[in-house]
Amino acid sequence: SRVAIMKSGLIAAQGSAQSLKGTYGNYFKLSLVVPNGNEDSVISKVKEHFNNAIRLNGNGSTHIFEIPRESGMKWSKLFSSAIKIAKILEAEDFFLSQASLEDAFIAIA
């Protein structure tokens with residue numbers, strides 16, 4: 001199925017949900033729950049594996065990063081790195097995801 005995104009009454013983008021996420025949500029999100037982790041050590045470890053990571057926010061033990069998509073990035077390598085970071089930081093939980101369709105809407109608006 002196809003999706004169209006309108007801006008100011010005109011179609012600004014259209015395509016499959018996956019193609020819109022890939023085109024306008026050009027990043028991945030990494031979220032880590034590290035209850036005993038100091039903020040600086042979490043940022044440092046994430047940047048060791050993803051030097052271009054941008055910290056979006058964090059409250060208490062939850063830390064969220066945006067990792068810009070680069071040419072040739074492989075999902076398997078990203079996931080392996082996320083697992084390593086989670087183990088090193090003794091994270092209670094983590095997730096790695098592609099930008100959402102909502103993120104694509106926001107980027108276009």
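Where is glutamate 90 found? Glutamate 90 sits in the loop between H3 and strand E6 (93-98), and the views below begin there. This is a predicted model, in which local features need pLDDT of at least 70, side-chain atom pairs count only at pLDDT 80 or more, and totals for chains, interfaces and linings use all residues. Residues are numbered from 1 along each chain as its sequence is written, and side-chain values use heavy atoms, with hydrogens and water left out.

**View 1. Glutamate 90 and serine 8, two loop residues with positive phi.** Glutamate 90 has a phi near 55°, a positive value in a residue other than glycine. Serine 8, also not a glycine, has a positive phi of about 55° and lies in the loop between strand E1 (3-7) and E2. Helices (H or I, at least four residues) and strands (E, at least two) are DSSP runs, numbered from the N terminus. Glutamate 90 counts as exposed because its relative accessibility is 65%; for serine 8, exposed at 74%, the reason is the same kind of value. Exposed means over 50% relative accessible area, buried under 20% and partly exposed in between (1.4 Å probe, protein chains only).

**View 2. Isoleucine 11 in strand E2.** Strand E2 covers residues 10-15. With a relative accessible area of 52%, isoleucine 11 is exposed. Leaving aside residues up to four places away in sequence, isoleucine 11 touches Ala4, Ile5 and Met6 (contact means heavy atoms within 4.5 Å).

**View 3. The open sheet of four strands.** Here the order is E4-E5-E3-E6, with antiparallel pairing. Strand E4 (54-59) and E6 are the edge strands, each pairing on one side only. On average, neighbouring strands of this sheet are turned by 15° against each other, direction ignored. Strand E3 (residues 27-33) pairs with strand E5 (residues 62-68) over seven bridges in the antiparallel sense; two strands pair if DSSP finds at least two bridges between them. Look for leucine 32, which stands opposite histidine 63 in E5. Helix H2 (residues 39-49) lies across E3, E4 and E5 and runs at about 25° to E5. Axes are lines fitted to C-alpha atoms, for helices over the stretch in contact, with angles from 0 to 180 degrees between N-to-C directions.

**View 4. The lining of the largest pocket.** Among the lining residues are His49, Phe50, Glu70, Lys74 and Ser81. A pocket is an open set of points on a 1 Å grid over the protein atoms alone, where a 1.4 Å probe fits, with protein on both sides within 12 Å along at least five of seven lines; lining residues have an atom within 4 Å of a point. Helix H3 (residues 75-88) gives the most to this lining, with three residues.
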